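Colleague: I am new to this structure and would like a close look at a single part of it. Could you choose one helix and set out what surrounds it?

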Amino acid sequence: DHDRQLQCTSCHDPHNDQFGKFLVQDNAGSALCLNCHVPNRWKDSAHKISTATWNGQGINPWPHTSEPTVAANACASCHASHNAGTKPRLLNSAVAEQNCLPCHNGNVAVKNLQPEFEKFSAHPIITTGHLHDEAEDFINPTRHVGCVDCHNAHAAQASDPGSLHAAGSLVGVRGVSSLGTVVNPVTKEAQLCYRCHGDSIGKGPAVVTRRVAETNKRLQFAGANASFHPIEAVGRNSSVPSLISPWTVTSTMTCSDCHNNNQGPGAGGTGARGPHGSQFSPILEREMVFVDNQAESPAAYAMCYKCHSRTSILADESFPHRLHVVDEQTSCTTCHDSHGVASAPALINFNTAYVSAFSSRIEFNRSSPFSGNCTLTCHSHDHDASAYGAGAPIQSQMRKLLRTPPKRKVR
């Protein structure tokens, strides 16, 4: 208004009720709000154009309006100009996620997100969403996650706009680049993930205790590393016989190829996309056994077998996997660190719960794409430069080593 001062008469004309509620103009689509507020990217956003309606189930998401669709309610879908639940930003509810879930519970939006956050492994918006603050330290705030940490309600789109290597729901959000600089908006999905799973000092401990401890995903996916899953760059390994089409050695991927809803489309289900929650920790789309002494099966390592052929793996096309995974019941994660390893090929970063030093060494050396040797102690068996691959009788040599009971110490 004049001199940026807001008065009742900025929105209401007490002498003219032509538009109802004595408004100074028709407020369909929040036209009145947009006189002063012009959110970036609003014109293409799902909340601006969606024709979705409330199905009449559950709690009315728009109790203070008479408009029937998301587009018609527009700003009022989340905000109340009078009697708002919060003074800052005039949100309908003081409970952060309750400004989103009344629509995203399947009663307005097609997918029901609410039960995803109640799964065994989930982003804990229900317990930490209230901690978000627009003025917080962007990289190291109080540890939390809320809907608005990943989604910009004024910009989010129903589908991928084509210009991003990220879902349309991530349009307009801030993130962190592979170099550790703030990017606004993100241009790829991983940049959003690095916001919390990169340089933040509040990260929890790693799921697996590694020989080389690194929980900064931005550093783990760095293209200069010896090995990494291809988030930031095409992988270093030019021969991976286990890859399942359409994956090739020149493919790149996203974090949500692994971290996703276990009932979503990627897992063959009809649930919502995205890493909101999963029955498999840490928010994995499919099951992944992280401990040894478990029988190998398509289910036990389903996350790995999504992209890597079980037939190829167990046929030892690149390494004597059958010996380790089937015969010795060694988890994939006992040897491999799925994000990336700065100094070792083939994602080798041993789980120290099962692997210890032999002669003060824990080493994996690759001499050619499918040949190399290990020096370490695993499952009480010593490996002294134990070779595999070309020129190494691994199937007899290593099987004999692993199946020989460890020597008992004489007291």
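Modeller: What follows is a walk from the whole chain to one helix and then to the salt bridges and a pocket.

This is a predicted model, in which local features need pLDDT of at least 70 and side-chain atom pairs count only at pLDDT 80 or more, while totals for chains, interfaces and linings use all residues. Residues are numbered from 1 along each chain as its sequence is written, and side-chain values use heavy atoms, with hydrogens and water left out.

The chain has 11 helices and 10 strands, where helices (H or I, at least four residues) and strands (E, at least two) are DSSP runs numbered from the N terminus. Its C-alpha trace spans about 100 × 45 × 40 Å along the principal axes. Of the 411 residues in the chain, 38% are buried, a word that stands for under 20% relative accessible area, with exposed meaning over 50% and partly exposed in between (1.4 Å probe, protein chains only).

The part I have chosen is helix α5, which covers residues 189–197 and in which Glu189, Ala190, Gln191, Leu192, Tyr194 and Arg195 are buried. These buried residues pack against α4 (147–150), β2 (175–176), β3 (182–183) and α6 (217–220). Within helix α5 we can look at Gln191, which is buried with a relative accessible area of 8%. Leaving aside its neighbours within four places in sequence, Gln191 is in contact (heavy atoms within 4.5 Å) with Gly175, Val176, Ser177, Val183 and Val186.

Arg195, one of the buried residues of α5, is also linked with Glu136 and Asp149 in a network of salt bridges. A salt bridge here is a side-chain nitrogen of Lys or Arg within 4 Å of a carboxyl oxygen of Asp or Glu, and the structure holds 11 salt bridges. Another of them joins Glu232 and Lys188, whose closest N and O atoms are 3.2 Å apart. Because Glu232 lies in the loop between β4 (227–228) and β5 (277–278) and Lys188 in the loop between β3 and α5, this pair ties together parts that are 44 residues apart in sequence. Lys188 counts as buried, at 18% relative accessibility.

Two further salt bridges can be set beside that pair. In one, the side chains of Asp44 and Lys43 meet at 3.1 Å, N to O; Asp44 is partly exposed, with a relative accessible area of 41%, whereas Lys43 is exposed at 61%. In the other, Arg361 and Glu363 have their closest N and O atoms 3.0 Å apart, and Arg361 is partly exposed with a relative accessible area of 33%, as is Glu363 with 27%.

Finally, there is the second largest pocket, which holds about 270 Å³ of space. On a 1 Å grid over the protein atoms alone, a pocket is an open set of points where a 1.4 Å probe fits, with protein on both sides within 12 Å along at least five of seven lines, and lining residues have an atom within 4 Å of a point. A volume is the space filled by probe spheres set on the points. The second largest pocket is lined by 18 residues, of which Ile59, Asn60, Pro61, Gln98 and Pro102 lie nearest its centre. Its lining divides into seven nonpolar, 11 polar and no charged residues, where Ala, Val, Leu, Ile, Met, Phe, Trp, Tyr, Cys and Pro count as nonpolar, Asp, Glu, Lys and Arg as charged, and the others, Gly among them, as polar.
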